[in-house]
Amino acid sequence: MARGFPERIQLKSAEQLAVMRQAGLVVARALREMRDAVAPGVSTADLDQIARRVLHDEGASSSFLGYDVGTGPYPAVICASVNDRVVHGIPSPADKLAEGDLISLDFGAIVDGWHGDAAISVTVGEVRPDVAALSAACEEALWAGIAAARVGGRLSDISSAVETSVRRSGRYGIVAGYGGHGIGSAMHMAPHILNYGPAGRGPRLVRGMALAIEPMLTLGSRGTEQLDDGWTVVTVDGSWAAHWEHTVALLDDGPWVLTAEDGGRDRLGELGVAVSARAP
Ligand code: MG
């Protein structure tokens, strides 16, 4: 989800980031429980129920439920986007997963007014090799983008790192028009973060920023269209899509991936990037 930000980039104090971490851990738990439940015959509404239970257990609320961009309130706590659906798919009991599908699950939680937002793509049973590779390339691009989110750099360093990673992985479409966003006391805030473009442009990255980085890739072209439900975004060419996202806080001693249970330590370590001492 990404539309209509206020202009200024909100900077968070250490105390505010600690609350955002709590929201991030709720998001991580819900995505893990949904991932573990993905199987043929499970409906996207079943997955939404899992996320609702986690919110209830954790005393958190949903970033998505009731979210309104002018087409009416969003009716669920997750977005569930299967195969050629890219993002913002509405869960439904009739929407049952089948062997070979690829489902993208996007989830946001609020704790004490502070948001966390993340997404994963999950394969259903055995999938075609190109589908598995698409999801892996998207996840890799996400981590490349996070690794480039450094205090002292510029916003488009992230965009460039995402695009460079994608080009290295293969011939994928990088979805146009959608991207990451600032996050904090609202889910969608400035700045908008493109998943492509040259490095060294845009606002300076400073301590206390929190950014949701979210590459969306397709096996075909980059064009999308919105369905009549006012939400679901599908590829124009019918090609399948993947979506991965994390919320990351920028600190002087490195990034802290608020929606990763290990704070990003393992994946960033593989890229030679040390996480902040505030990460576990
Ligand atoms: Mg997001």
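Here are questions and answers on a predicted model of one protein.

The model is predicted, with local features needing pLDDT of at least 70, side-chain atom pairs counting only at pLDDT 80 or more, and totals for chains, interfaces and linings using all residues. Residues are numbered from 1 along each chain as its sequence is written, and side-chain values use heavy atoms, leaving out hydrogens and water.

User: How many helices and strands are in the protein?
Analyst: Helices (H or I, at least four residues) and strands (E, at least two) are DSSP runs, numbered from the N terminus. By that count, the protein holds five helices and 15 strands.

User: Why is the protein as compact as a globular protein of its length?
Analyst: The radius of gyration is taken over C-alpha atoms, and the globule rule is 2.2 Å times the number of residues to the power 0.38. For 280 residues the rule gives 19 Å. The protein counts as that compact because its own radius is close to this, at 17 Å.

User: What percentage of the 280 residues is buried?
Analyst: Buried means under 20% relative accessible area, exposed over 50%, and partly exposed in between (1.4 Å probe, protein chains only). Buried residues make up 57% of the 280.

User: Which protein donors does the magnesium ion have?
Analyst: Donors are N, O and S atoms within 2.8 Å of the metal (3.2 Å for Na, K and Ca); water is not among the atoms, so sites may look incomplete. The protein donors here lie 2.1 to 2.5 Å from the ion. They are Asp 117 (OD), His 181 (NE2), Glu 214 (OE) and Glu 245 (OE).

User: What spacing do these donors of the magnesium ion follow along the chain?
Analyst: Two of the donors, Glu 214 and Glu 245, are 31 residues apart. Glu 214 is in the loop between strand 9 (210-213) and strand 10 (216-218), and Glu 245 is in the loop between strand 13 (241-243) and strand 14 (246-251). The full spacing is D-x63-H-x32-E-x30-E.

User: Is Glu 245 buried or exposed?
Analyst: Its fellow donor Glu 214 has a relative accessible area of 1%, so Glu 214 is buried. Glu 245 has 0% relative accessibility, so Glu 245 counts as buried.

User: Which peptide bond is cis?
Analyst: Most peptide bonds are trans. This one has omega near 0 degrees. Its proline, Pro 191, is in strand 8. The cis bond runs from Ala 190 to Pro 191.

User: What is phi of His 88?
Analyst: Most residues other than glycine have a negative phi. His 88 is in the loop between strand 3 and strand 4 (102-111), and is buried, with a relative accessible area of 1%. Its phi is positive, near 65 degrees.

User: Where is Asn 83?
Analyst: Asn 83 also has a positive phi, near 60 degrees. At 12% relative accessibility, Asn 83 counts as buried. Its place is the loop between strand 2 (78-82) and strand 3 (85-87).

User: How many Å apart in space are Val 42 and Asp 95, C-alpha to C-alpha?
Analyst: Val 42 sits in the loop between helix 1 (14-37) and helix 2 (44-58). Contact means heavy atoms within 4.5 Å, and Val 42 touches residues including Asp 95, Lys 96 and Leu 97. Val 42 and Asp 95 are 53 residues apart in sequence. In space, C-alpha to C-alpha, the distance is 8.4 Å.

Terms used
Lists of a residue's contacts leave out its neighbours within four places in sequence.
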